Amino acid sequence: MTHAGRIAVVTGAGGVLGGAVARGFAAAGAAVGVLCRSSERSEAFAATLRRDGADAHAVVADVLDEVQLAAARDAVLERWGRIDVLVNAAGGNIAAATVGDDSFFELSARALDDVVRLNLDGTLRPVRVFGEAMLAEPFPADGRSIVNFSSMAARRAMTRVVGYGAAKAAVDNLTRWLAVELGRASGGRLRVNAVAPGFVVSGQNRSLLLDGDGAPTPRGEAVLAHTPAGRFGEPAEVADAVIWLASSAASFVTGVVLPVDGGFDAFSGV
């Protein structure tokens, strides 16, 4: 599946899933704007893509800061002249907003606000800034695409991750709203979808899913027992779904939140 000649911007490219997405677009022939909050991380990752022959450029912004995002957008436009794909992979959970030793009623209100802002505003604000530029003529023949990151926690109540699940549920609704609004504004040439990854082992959740020897923890075993595929996902498998959603192969797909979960969402556990 080719994205040759297209310009893709990936927020959260310094993370496990965002990094896999950026590598996937580079391998598919796209030029990639690697957007991270850290200039060192962004430049280091862009350099690894360039060493592999990709046209990659480091751009720096906090996804909650529209001034920084506008500067990043302008840097991309100055380099390549347009933006064809925006992937909103920035996000994640915050430990202080997770029910653990503290009960739900003892959680920090500030932490709950922060996790909602990171995941909801961290998707909304890049769309506001980059999406406006993506409505500019001329449109490429295969149109343009925005892909957001949701989560299985948006679709099913999961213990512990109260703020994160609520924020991702809001991302689902935002994705559908944007698909309608931007589809109409673009004459159907700008599509908006999301992926909802299942359980993929990353630095953030490794200790919850795997013990020090790499064996599943009790929580990891519970996840696997509810996953028909019988294993955790790989970052590249999520990236492949994103790359498909942004491609001409999905030209009639918009407003969809696509599970990439090994069947977790399909299984009741009974």
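Reader: What kind of crossing does α4 make where α4 passes α5?

Author: α4 passes α5 in a right-handed crossing (the near helix is turned clockwise from the far one by less than a right angle; anticlockwise would be left-handed). This is a predicted model, where local features need pLDDT of at least 70 and side-chain atom pairs count only at pLDDT 80 or more, while totals for chains, interfaces and linings use all residues. Residues are numbered from 1 along each chain as its sequence is written, and side-chain values use heavy atoms, with hydrogens and water left out.

Reader: Ok. Where are those two helices, and at what angle do they cross?

Author: Helix α4 covers residues 109–134 and helix α5 covers residues 162–185. Their axes cross at roughly 20° and come within 8 Å. That angle makes α4 roughly parallel to α5 (under 35 degrees; over 145 is roughly antiparallel, 65 to 115 roughly perpendicular, the rest oblique). Axes are lines fitted to C-alpha atoms, for helices over the stretch in contact, with angles from 0 to 180 degrees between N-to-C directions. Helices (H or I, at least four residues) and strands (E, at least two) are DSSP runs numbered from the N terminus.

Reader: Which residues of α4 and α5 make the contact?

Author: From α4, L112, V115, V116, N119, L120, T123, L124 and V127 take part. From α5 come V162, G163, Y164, A167, K168, A170, V171, L174, L178 and L182. Contact means heavy atoms within 4.5 Å. By class, the residues of this contact divide into 14 nonpolar, 3 polar and 1 charged (Ala, Val, Leu, Ile, Met, Phe, Trp, Tyr, Cys and Pro are nonpolar, Asp, Glu, Lys and Arg charged, and the others, Gly among them, polar).

Reader: D121 is in α4 too. Buried or exposed?

Author: D121 counts as buried, at 18% relative accessibility (buried is under 20% relative accessible area, exposed over 50%, partly exposed in between, with a 1.4 Å probe and protein chains only). Leaving aside neighbours within four places in sequence, D121 is in contact with V63, L64, V116 and P126.

Reader: Different topic. How do α1 and α8 pack?

Author: Helix α1 (residues 16–27) and helix α8 (residues 235–245) pack at an angle of about 55°, with axes 8 Å apart. That makes α1 oblique to α8. This crossing is right-handed. V16, L17, A20, V21, G24 and F25 in α1 meet P235, A236, V238, A239, V242 and I243 in α8. The contact has 11 nonpolar residues, 1 polar and no charged ones.

Reader: How far is A20 from V238 in sequence and in space?

Author: A20 and V238 are 218 residues apart in sequence but 8.1 Å apart in space, C-alpha to C-alpha. A20 is buried, with a relative accessible area of 9%. Not counting neighbours within four places in sequence, A20 is in contact with P235, A236 and A239.

Reader: And A22, what does that one touch?

Author: A22 is also found in α1. A22 touches V10, A13, V32, F45 and L49, if residues up to four places away in sequence are not counted. A22 is buried, with a relative accessible area of 0%.

Reader: What about the largest nonpolar core? How many residues?

Author: The largest nonpolar core has 35 residues, and F25, V87 and V195 have the most contacts inside it. A core here is a set of buried Ala, Val, Leu, Ile, Met, Phe, Trp, Tyr and Cys residues joined through side-chain atoms within 4.5 Å. At least two residues of this core come from each of β1 (7–11), α1, β2 (31–36), α2 (39–51), β3 (56–60), β4, β5 (144–149) and α8. α8 gives the most, with 6 residues. Apart from this core lies another, of 28 residues, among them V127, M134, L182 and L190.

Reader: What does N88 touch?

Author: N88 is found in strand β4 (residues 85–88), and with a relative accessible area of 0% N88 is buried. Beyond residues up to four places away in sequence, N88 touches T11, G122, T123, P126, V127, I146, V147, N148 and F149.

Reader: Last one. Where is the cis peptide bond?

Author: A cis peptide bond joins E137 and P138, with omega about -5°. P138 lies in the loop between α4 and β5. Most residues other than glycine have a negative phi, and most peptide bonds are trans. R160 has a positive phi of about 85° although it is not a glycine. R160 sits in the loop between β5 and α5 and is partly exposed, with a relative accessible area of 32%.
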